[in-house]
Amino acid sequence: MAAYDSIADWYETEFIAHDGDPIGVRHALCELLGPGIGPCLEIGCGTGAYASLIRGLGWNPLGVDLSARMLRHARDRLPAVRADAVRLPIRGASLPAVVAVMVHTDMPEYPSVLQEVARVLQPGGVFVHVGVHPCFCGGFADRTDPAAVVLRPGYLEPHWTRESWTDAGLRDKVGAAHWPLPDLLQAFLDAGLALERFEEGGGPSPTVLALRARSERRARTADEASQLVEEVE
């Protein structure tokens with residue numbers, strides 16, 4: 001059973017049931033994705049909490065998630081299927097946009113997920129990652145006093161943990177993967193995603209790190225396509 005199956009109802013009715021945008025997740029997604037048309041895949045869409053924002057930007061939101069119970073809450077918000085993000089049921093080079101919103105710590109194989117993102121993006125397609133800030137959030141970070149975050153040993157090594165400074169969040173319930181900032185950014189480059197823009201959210205110490213990247217693949221020019229046909233013939 002997917003980790004989120006057991007907490008899906010709590011997640012829908014309590015965890016995300018708040019007003020506003022306290023740590024800037026929606027702001028970052030809006031700023032980095034921007035207006036567009038066509039399908040936008042949300043990886044780890046969960047209950048579909050961000051579908052209306054994506055739709056409001058002009059995109060057609062689609063979703064994948066591993067938790068069947070989370071998807072029950074999502075079904076009235078966006079078309080979504082149950083699937084593993086490391087094996088997306090989508091043909092290559094078919095999507096103009098993909099987003100992952102506050103989910104990368106739920107995916108121990110996130111570098112492999114980024115490889116899949118690069119595979120399904122059209123040449124020049126956009127990918128927006130919004131996630132907890134790897135430098136200031138994790139089992140090594142005590143945020144009891146938001147004005148004085150205490151960082152203990154543990155940041156420098158990738159790991160999985162259920163340690164948390166609070167019992168009102170997710171990490172103590174489902175665990176979290178951690179990558180130091182250089183490792184996380186390198187995974188984007190290794191997947192063939194060109195980093196383009198960055199945002200931070202929350203304060204006074206950032207809670208969110210968001211970035212926009214694009215597929216480095218480009219569409220063939222008419223001359224290149226013609227040359228390829230000649231080579232095949």
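A residue counts as buried when its relative accessible area is under 20%, and as exposed when that area is over 50%. In this predicted model, helix 7, which spans residues 181–190, has L184, A187 and F188 as its buried residues. The briefing below takes up that helix and then the aromatic rings, of which the structure holds 6 pairs.

**Helix 7 and its surroundings**

- The buried residues of helix 7 are L184, A187 and F188, and because they cover an arc of only 100 degrees around the axis, they lie on the same side of the helix.
- On the other side of helix 7, the exposed residues P182 and D190 are found.
- The cover over the buried residues of helix 7 includes helix 5 (110–120) and strand 5 (121–132), together with strand 10 (193–201) and strand 11 (208–215).
- Just after helix 7 comes G192, which adopts a positive phi of about 85 degrees.

**Aromatic pairs and the cluster around helix 1**

- Among the 6 aromatic pairs of the structure is that of Y11 and F15, whose ring centres are 5.4 Å apart and whose planes stand at 35 degrees, so the pair is tilted.
- Both Y11 and F15 belong to helix 1 (residues 8–15), where they are 4 residues apart, about one turn of the helix.
- Y11 counts as buried because its relative accessibility is 13%, under the 20% cut-off, whereas F15, at 29% relative accessibility, counts as partly exposed.
- Ring pairs join Y11 and F15 with Y4 and W10 into a cluster.

Definitions and conventions. Residues are numbered from 1 along each chain as its sequence is written. This is a predicted model: local features need pLDDT of at least 70, side-chain atom pairs count only at pLDDT 80 or more; totals for chains, interfaces and linings use all residues. Side-chain values use heavy atoms; hydrogens and water are left out. Buried means under 20% relative accessible area, exposed over 50%, partly exposed in between (1.4 Å probe, protein chains only). Helices (H or I, at least four residues) and strands (E, at least two) are DSSP runs, numbered from the N terminus. The arc is that of the directions from the helix axis to the C-beta atoms. Contact means heavy atoms within 4.5 Å. Rings of Phe, Tyr and Trp (its six-membered ring) pair if their centres lie within 6.5 Å; planes under 30 degrees apart count as stacked, over 60 as edge-to-face and the rest as tilted.
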